[in-house]
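Visitor: I'd like a close look at a single part of this model, and I'm happy for you to pick it. Could you take it slowly and tell me how far to trust it as well?

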Amino acid sequence: MSVVEIKEVTKRFGETTALQGIGLDIEEREFVSLIGPSGCGKSTLLRIIGDLIQPTSGSAFVNGKPARQARIDRDYGIVFQDAVLYDWRTVAKNIALPLELARWDRRRRTAKVKEMLDLVELEGFESHHPWQLSGGMQQRVSIARALSFDPPLLLMDEPFGALDEMTRERLNMELLRIWEASGSTVVFVTHSISEAVFLSTRVVVMSPRPGRISDVIPIGLPQPRTALTREEPRFFEFVTQVREALHLGHEADRAAEAPA
Amino acid sequence: MTTAPTAVQPVPRGGMARLVGRRLVDWLPAAVVLVGVTALWEALTRAFHVQDFLLPKPSAIASTFWSTRSELWSAGWFTFQEALGGFVLGCGFAILVAIVLARWRALGSAFMPYAIAANAIPIIAFAPITNTWFSPLDKSSKISIVAVLCFFPVLVNTLRGLTSVNPRAIELMESYAAGQVQIFRRVRIPAALPFIFTGLKVATVLAMIGAVVGEYFGGALNALGVQILTRARVADFREAWAGIVLACLLGIALYLAVSVVERLTLRWVPSTSE
């Protein structure tokens, strides 16, 4: 059974068609990146999977259920570009928030928060407030929070987009380790070609006006990926392949615009 | 990757000095100004033999304050109760209304323009009217004008706080299948607290003004505003000034009390805990 199933999804915002006839299946344990230029609807697609916005037509299923039911069943965790930590809560209480909403008792919550802090390597920071952490640390708290209730699906909307290159590469490695450890499926929105290739089992290339899928590229690099993966010739071949797919999509877009 | 927890500053915690937000030494410049201005006032009124009806000497006001302290205190307490009652009533109601308007936005957009306009009305002008609604001798007449005065700034600030939450923070709660009540309780209200306290602090100042000025239009004999008015009419300027000083002190006390509650509540805000 697919974890995510998108059938003929179209989304319009007034006159603009953000997404046109999108179909996509994502299997269990996959790491799928959505990449494309601004306005290609990749974040919109992620929000439709999460039932944070509704498609104009078509439907999205998560774990075989309509997206709305999956959201109510807390089948996914989401991470945004900014960590969106609640300033009035400590690190531990931020991570525990979804658990409070799911009515876990205090003892289970405390144990789980400790486990998550270990997972993202932030032991000792539980009573810190968000403003006392660096951007990279905040984003790790945000990931811990998204995974705290063991959702089978993790949705990530450019989670490392605001971080510097060094921190970003380090967090890429950590994310892969967490993905291995948690056994979840990941849908990851990014602008960065190398990030998409490095992390993903499949890269979905999207193009704008109207937002659509122009190519799907399986990334046949061996698992687990390491720092050395980025230096392999195969890595660069995939980077080139994704880049060309992005440009093709872009040119098709220009060609469609040109005659008028 | 390992990061030592010591790499980050611990949450600052402290005693009474922290409650008022500063170390004593930080208050020094302000204290110097207070002493300086008072000394200058004293010196000038003595040097130019300024008459009491223009401006009494600070030392004369202080000694009058001390000798009439029991009457002053009982009048001050009477008026302070009016101010406090109106403050609690007006602010409490304002916060409730703000929550309703934030929850049902259509209501909010229908009422907000009037709330903002009402905020600009000199509501104190209605004091003679509330004096006729209730007996001027009754505390209710002053409590009601104070409540109306406090209502609008708290409403406008609270509503701004409740509605200017990062949309991602709300989406995140929705992703956890949280309902509206939980979103208000766990996100909108905590996020609005700094705004609410800003409104409350404006309201503390208005509360004392409302009670005292309300009494100028008629009130019980044992009310601070009435005392100031009658003393000034019979040329007891020192006693009138002593009353004014007490009104100031009570206003400042209410403001400080709210500030202390703010600091205790908003420990998570860097600017209030540092």
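Guide: Let's settle one term before anything else: a residue is called buried if 20 or more other C-beta atoms lie within 10 Å of its own, and exposed if that count is 12 or fewer. By that rule, 34% of the 274 residues of chain B are buried. Chain B is the part I'd pick, and remember throughout that this is a predicted model.

The secondary structure here is simple to describe. Chain B has twelve helices and zero strands, so to read along its sequence is to meet α-α-α-α-α-α-α-α-α-α-α-α. As for how the chain folds back on itself, take the contacts between residues at least 6 apart in sequence: 75% of them join residues at least 24 apart.

Now for trust. The average pLDDT of chain B is 86, and 89% of its residues score at least 70. Confidence is highest in helix H4 (residues 69–103) of chain B, with a mean of 94, and lowest in helix H1 (residues 16–19) of chain B, with a mean of 52. Residues 1–14 of chain B have a pLDDT below 50, and that stretch makes 13 contacts in the model beyond near neighbours in sequence. For the model as a whole, the scores are ipTM 0.85 and pTM 0.82.

Let's zoom in on one helix, H5 (residues 105–120) of chain B. Its length can be checked by hand. The expected span is 1.5 Å times one less than the number of residues, so the 16 residues of H5(B) should cover 22 Å; the C-alpha atoms at its ends are 23 Å apart, which agrees. H5(B) does bend, though: there is a turn of about 40 degrees at Phe111(B), with a proline, Pro113(B), following within four residues. And what about burial? H5(B) is hardly covered, with zero buried residues among its 16.

Chain B also has a partner to deal with. Here 21 residues of chain B are in contact with 23 residues of chain A. On the side of chain A that touches chain B, helix H2 (67–72) and helix H3 (91–101) of chain A each supply at least two residues. Sorted by class, that side of chain A has twelve nonpolar, six charged and five polar residues.

Since chain A is now in view, have a quick look at one of its sheets. Four strands make an open, antiparallel sheet in the order S2-S1-S4-S5 (chain A). S2 and strand S5 (65–66) of chain A sit at the edges with a single partner strand each, so one side of each has no neighbour in the sheet. Seven bridges join the antiparallel strands S1 (residues 4–13) and S2 (residues 16–26) of chain A. Among the paired residues, Glu5(A) is opposite Asp25(A), and Phe13(A) has Thr16(A) as its bridge partner. The hairpin of S1(A) and S2(A) has two residues between the strands, and Gly14(A) takes a positive phi near 60 degrees there.

Notes: Residues numbered from 1 in each chain as written. Chains lettered and ligands numbered in written order. Predicted model: local features only at pLDDT ≥ 70, side-chain atom pairs only at ≥ 80, totals over all residues. Pairing = 2+ DSSP bridges. pLDDT = per-residue confidence, 0-100. Contact = placed C-beta atoms within 7 Å. Nonpolar A, V, L, I, M, F, W, Y, C, P; charged D, E, K, R; others polar. Bend = angle between axes of the 7 residues up to and from the residue.
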